[in-house]
Amino acid sequence: MEKTDIKSLYFSELEQMLGEMGEKPFRAGQIFGWLHQKLVTDFEQMSNLSKELRKKLLDQCRLTVLEPSQVKVSQIDGTCKYLFRLADGNVIESVWMKYQHGCSVCISSQVGCRMGCRFCASTIDGLARNLTASEMLEQVYRIQELKGERISHIVIMGSGEPFDNYDQVIRFLKLVSHQQGLHISLRNITVSTCGIVPGIRRFGEEGLPVTLALSLHAPNDEVRRTLMPVANRYSLREILAACQEYFEKTGRRVTFEYSLVKGVNDNSGEAKALVRLLRNMHGHVNLIPVNPVKERDFERSDKKAIQEFKGILEKEGIAVTVRREMGRDIQGACGQLRRSFLEGG
Ligand code: SAH
């Protein structure tokens with residue numbers, strides 16, 4: 001019999017499972033606390049449960065715990081990058097960053113990715129598999145334990161497309177924000193998508209006050225299609241309508257991510273087109289100088305081009321920031337550490 005992934009269960013499911021085992025309902029609260037607040041790594045550590053119950057849990061359940069197999073610490077800004085080994089031998093990466101407002105973790109939602117964005121290292125070998133909610137939680141839990149500091153913010157911007165693993169991502173969000181768990185505010189969580197329209201729509205219906213980030217990267221469909229295959233499926237018109245709907249349903253302003261690639265999407269005409277595209281949107285633009293990936297020949301825009309691009313947006317009243325770069329010396333960008341690991345580098 002397949003063992004139950006106990007860390008992925010909702011509170012009510014845990015109660016039900018324990019009921020079926022003939023246990024009292026209050027056990028659910030105790031066990032949930034051990035799993036999601038005390039962050040234990042072993043059933044043996046659940047010291048207020050009877051030996052018999054711990055044995056039953058061990059027999060029937062799987063306790064997902066991630067082991068870091070590599071940790072890199074940036075000498076520039078203290079950013080840490082973790083390579084975690086999963087039970088099946090796959091590896092994923094997560095990043096810890098310290099800001100004035102708290103500690104933030106960037107987690108992966110899939111092993112690899114099948115979206116095929118041309119500038120991204122995560123997608124080079126395609127998708128291996130989806131992550132479970134417990135594997136997403138563990139990235140946060142283990143890093144908090146290793147750093148010994150409370151994590152206050154989460155971005156789902158590591159490897160993978162969250163809306164390609166929709167159900168587990170929702171489960172993750174509800175568990176990580178649960179009162180009897182780490183209780184991280186949903187307002188401090190960002191989910192980034194390449195623009196899967198049905199996913200955005202459905203996400204808006206969930207009623208979760210999470211920030212949505214859209215990977216825009218181009219001011220029109222033509223340029224976008226050269227960078228992101230998903231642009232062949234959904235037009236910007238549809239995507240932006242879904243983002244506007246998301247804002248109306250949740251009251252959360254959308255973040256538009258725009259990676260600047262030299263000679264591809266960074267000229268002043270493109271900045272002006274972006275202004276026209278976003279003029280009536282409730283959101284702001286986050287410019288990201290593209291991180292060159294060695295398998296691809298994209299180059300980052302010059303400092304001057306970045307400032308000019310930003311200036312045009314600002315002048316036209318579009319809220320814009322240039323992303324502060326973290327962990328540049330430790331392969332901070334999406335999927336780069338995992339790739340170098342897979343290549344034995
Ligand atoms: N699949 C989701 C989330 C993961 S990618 C998405 O597409 O949004 C997180 C962000 O990093 C996306 O905006 C993505 O386009 C960007 N990104 C990926 N590789 C990059 C690179 N080499 N340089 C700059 N940004 C990159």
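Two strands count as paired if DSSP finds at least two bridges between them. Strands (E, at least two residues) and helices (H or I, at least four) are DSSP runs, numbered from the N terminus. This is a predicted model, where local features need pLDDT of at least 70 and side-chain atom pairs count only at pLDDT 80 or more, while totals for chains, interfaces and linings use all residues. Residues are numbered from 1 along each chain as its sequence is written, and side-chain values use heavy atoms, with hydrogens and water left out.

**Exercise 1. Walk through the β4-β5-β6 stretch and say how the strands are linked.**

Step 1: start with β4 and β5. They form a hairpin with five residues between them, and Gly89 in the turn has a positive phi of about 95°.

Step 2: check the pairing. β4 and β5 pair in the antiparallel sense over six bridges, and Arg85 sits opposite Val91 in β5.

Step 3: move on to β6. A two-residue hairpin connects β5 to β6. The two run antiparallel, with five bridges, and Met97 has Ser104 of β6 as its bridge partner.

Step 4: is β5 enclosed or not? Seven of its nine residues are buried, so β5 is largely enclosed by the rest of the structure. Buried here means under 20% relative accessible area, with exposed over 50% and partly exposed in between (1.4 Å probe, protein chains only).

**Exercise 2. Lay out the whole sheet and find what packs on it.**

Step 1: write down the order. Ten strands make an open, mixed sheet: β3-β4-β5-β6-β9-β10-β11-β12-β13-β14.

Step 2: find the edges. These are β3 (67-73) and β14 (320-322), each pairing on one side only.

Step 3: look at the turn from strand to strand. Ignoring direction, neighbours are turned by 20° against each other on average. Axes are lines fitted to C-alpha atoms (for helices, over the stretch in contact), and angles run from 0 to 180 degrees between N-to-C directions.

Step 4: zoom in on β9 (153-156) and β10 (189-193). They run parallel, joined by three bridges, and Ile154 faces Ile189 in β10.

Step 5: add the helices. α5 packs on the sheet and touches β9 and β10, its direction making about 180° with that of β9. Contact means heavy atoms within 4.5 Å. Helix α4 (133-147) lies across β3, β4, β5, β6 and β9, at about 125° to β4.

**Exercise 3. Compare how two helix pairs cross.**

Step 1: take α5 (166-176) and α6 (197-205). Their axes come within 12 Å and cross at roughly 30°. That is why they count as roughly parallel: the label covers angles under 35 degrees, with over 145 roughly antiparallel, 65 to 115 roughly perpendicular and the rest oblique.

Step 2: list who touches whom. α5 brings Tyr166, Asp167, Ile170 and Leu173, and α6 brings Gly199, Arg202 and Phe203.

Step 3: take α1 (11-20) and α2 (26-36). They pack at about 125° with axes 9 Å apart, which makes α1 oblique to α2.

Step 4: name the contact residues. They are Phe11, Leu14, Glu15 and Leu18 of α1, plus Arg27, Ala28, Gly29, Ile31 and Phe32 of α2.

Step 5: settle the handedness. The α5-α6 crossing is right-handed, and the α1-α2 crossing is right-handed too. Right-handed means the near helix is turned clockwise from the far one by less than a right angle, left-handed anticlockwise.
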